[in-house]
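Biologist: Got the file open? I'd like to go through the helix packing with you.
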Amino acid sequence: MSTQEIEAQPPVVEVKVDETAAKPMGQPEAVGIAFAHNDPENPQGGWATGKRWRSLFIALFVSYTSAFNATANGAASGKLVKQFHTTSSIFQTSSFTYLVMLGIGPMVFAPVSESFGRRPTLVILTGIIAILFIPQALTPNIYGLIITRLFQGTAACIEGPVAAGVVADLYAKVDRGGPFALFVLTIFTANATGPVCANWIVQKIGWHWLYWVQLIAAVVCFLLCLFFFDESRGEVILAKRAEKLTEETGRHHYVAGVDIALTETIWEATRISVSRPIKYLFTEPIVTGISLYIGFAWGVVFLFVGAVAHVFQKTYGFSQGQSGTVLICGFIGAFIGFLETIFVQERFYSNAVKAGGGKAAPEVRLYSASVGAWVFCIGCFGFAWTARPWIHWIAPCIFLVIINSGIYTMYLATYAYLGDVYNEFSSSAQASQGLLRNTLGATFPFFGVIMYDKLTFPWASTLLGFIAGFFAFVPAILIMYGAKLRERSKIASTMERNEGDILRDDPEVMAEVVRV
């Protein structure tokens with residue numbers, strides 16, 4: 001196996017053809033290299049269990065701090081609005097700039113991580129993120145906060161994709177279900193605990209400490225990446241070997257499936273990484289449908305950060321800290337979704353792989369999400385009509401748990417399904433949904449509290465339930481007609497033909513490549 005994104009590897013025959021075409025006249029034939037079986041430097045097949053878990057933990061911690069920052073910022077709204085004599089909408093811009101860069105940034109910076117490796121990317125960016133908490137804690141006005149968070153969001157944008165990439169680096173395709181479910185659970189845990197911790201911090205010791213506490217966590221994150229994180233991208237490890245072998249033998253060595261296939265410069269790669277996701281968003285029906293579906297759900301997640309606290313303060317007289325604590329329901333719901341994924345969805349997928357002779361239809365990834373979408377819809381209606389002064393506050397909390405358990409399965413299925421459908425171009429498909437998802441997540445909080453006040457609490461949540469019900473048909477439609485849509489898609493159909501009848505993890509696929 002030639003490392004990390006193994007599904008991205010072209011067959012050996014294709015590599016040989018490209019290699020011969022690229023070889024100058026009179027020079028020896030170039031040699032493609034791949035990891036040998038049980039190579040101790042191969043992150044997927046050779047790393048010790050402890051080393052693999054250490055790298056995974058650090059990647060998850062990086063993702064946690066980034067997602068925590070995304071939802072924690074809103075807790076400072078009330079204090080900062082009064083101190084700087086501004087409006088809540090202007091303050092919300094500080095959250096908007098951070099979130100929108102989480103969607104835009106990866107399209108520009110993803111090639112950096114792919115080309116230079118996970119370790120330098122994480123070390124540099126976590127260092128920048130830590131430094132940028134200082135001006136936030138000391139900002140003299142709201143505009144300083146907005147600008148600083150714009151740059152911080154730009155640095156943080158790659159943390160999620162890099163962390164997800166580390167999961168792909170460490171685990172083969174058929175083994176990624178559990179680790180990736182844990183990655184998604186980490187994101188939801190951060191989204192839930194961010195407002196919980198932040199509201200109590202602001203209420204008890206002031207808004208400045210919201211950023212000082214995050215600075216401490218960011219420094220810890222930076223030090224972990226600097227001293228304990230090993231490079232996990234297999235292509236980068238092999239590229240160093242190839243360079244060394246070229247120097248020692250005088251014969252050009254390259255990473256099989258990477259050096260010859262990817263001839264564009266870093267600037268060309270960046271151009272493609274920016275244009276392709278936008279193209280997919282408007283020309284690939286699968287990407288368009290699933291991006292709208294998960295984009296709305298993600299917008300609701302961030303809308304609830306402010307709206308739920310507002311509902312419980314007005315309806316039950318909760319304090320800022322108490323109303324923020326209600327959002328821990330997001331973690332409970334996500335944990336239920338995580339258990340469902342491990343014990344139900346993964347079993348469905350494993351059975352489908354066995355029945356398909358080592359290969360399962362991508363639509364199998366959507367089984368839990370097709371149910372979760374309706375769970376999300378029902379939860380919205382339940383929250384709408386139980387958050388009433390004469391009904392105990394535990395009732396709407398239960399429906400918040402239900403809402404988040406549904407969204408968790410939707411979020412996880414989005415990544416898994418697009419990854420299976422688009423294979424080596426899945427990063428572009430993921431960037432498409434990430435762009436729309438984070439843009440909606442950044443936009444919804446602007447009108448969340450206003451909508452709840454104008455429509456009244458019950459009818460605002462009811463409206464969300466009706467929209468969720470409309471989008472709940474998306475996974476069902478893809479399960480029924482996904483195969484036909486993939487046939488009509490030039491990209492998806494090509495990926496399916498290239499994958500063949502066996503998984504790219506099969507070592508025989510790369511049998512002709514020299515293993516070192």
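Biologist: What covers the buried residues of α14?
Modeller: Keep in mind that this is a predicted model. The cover over the buried residues of α14 includes α8 (177-205), α15 (367-386) and α16 (394-422).

Biologist: And which residues of α14 are buried?
Modeller: There's a glycine set, Gly-330, Gly-333 and Gly-337, along with Cys-329, Ala-334, Phe-338 and Thr-341. Further along, the list has Gln-345, Glu-346, Tyr-349, Ala-352 and Val-353.

Biologist: What span should that helix have, and how far apart are its ends?
Modeller: α14 runs over residues 329-355, so at 1.5 Å a residue its 27 residues should span 39 Å. The end C-alpha atoms are 38 Å apart, which agrees.

Biologist: Where does α14 bend?
Modeller: At Thr-341, by about 40°.

Biologist: Is Thr-341 buried or exposed?
Modeller: Thr-341 has a relative accessible area of 2%; the cut-off for buried is under 20%, so Thr-341 counts as buried.

Biologist: What does Thr-341 touch?
Modeller: Leaving aside residues up to four places away in sequence, Thr-341 touches Ala-181, Glu-346, Tyr-408 and Leu-412.

Biologist: Ala-181 and Tyr-408 make me think of another helix pair. At what angle do α8 and α16 pack?
Modeller: About 130°, and their axes are 10 Å apart. That makes α8 and α16 oblique to each other, and the crossing is right-handed.

Biologist: Which residues of α8 and α16 meet there?
Modeller: On α8 you have Phe-180, Ala-181, Val-184, Leu-185, Ile-187 and Phe-188. Their partners in α16 are Asn-404, Ile-407, Tyr-408, Tyr-411, Leu-412 and Tyr-415. Ala-181, Tyr-408 and Leu-412 are also among the residues that Thr-341 touches.

Biologist: Ok, back to α14 for a second. What follows it?
Modeller: Gly-357, with a positive phi near 70°.

Biologist: Switching to α15. How do α15 and α19 pack?
Modeller: α19 is residues 473-488, and α15 packs with it at an angle of about 155°, with the axes 8 Å apart. Angles over 145 count as roughly antiparallel, so that is how α15 and α19 lie to each other. Their crossing is left-handed.

Biologist: Which residues make the contact?
Modeller: α15 brings Tyr-367, Ala-369, Ser-370, Ala-373 and Trp-374, and α19 brings Phe-473, Pro-475 and Ile-479.

Biologist: Where does α19 bend, and which of its residues are buried?
Modeller: α19 bends by about 70° at Tyr-481. The buried ones are Val-474, Pro-475, Leu-478, Gly-482 and Arg-486. Pro-475 is also on the list of contacts with α15.

Biologist: New topic, backbone oddities. Which residue in the loop between α3 and α4 has a positive phi?
Modeller: His-85, at about 50°, although it is not a glycine. His-85 sits in the loop between α3 (77-83) and α4 (88-116) and is exposed, with a relative accessible area of 72%.

Biologist: And what about Thr-456?
Modeller: Thr-456 isn't a glycine, yet its phi is positive, about 80°. Thr-456 lies in the loop between α17 (426-455) and α18 (457-471), and at 39% relative accessibility counts as partly exposed.

Biologist: Last one, zooming out. How many helices and strands are there, and what share of residues is buried?
Modeller: The protein chain has 20 helices and three strands. Of its 516 residues, 56% count as buried. As for contacts between residues at least 6 apart in sequence, 81% join residues at least 24 apart.

Terms used
Residues numbered from 1 in each chain as written. Predicted model: local features only at pLDDT ≥ 70, side-chain atom pairs only at ≥ 80, totals over all residues. Heavy atoms only, no water. Helix = DSSP H or I, 4+ residues; strand = E, 2+ residues; numbered from the N terminus. Expected span 1.5 Å × (residues − 1). Bend = angle between axes of the 7 residues up to and from the residue. Buried < 20%, exposed > 50% of the residue type's maximum accessible area, 1.4 Å probe, protein only. Contact = heavy atoms within 4.5 Å. Axes fitted to C-alpha atoms, helices over the stretch in contact; angles between N-to-C directions. Parallel < 35°, antiparallel > 145°, perpendicular 65-115°, else oblique. Left-handed = near helix turned anticlockwise from the far one by under 90°.
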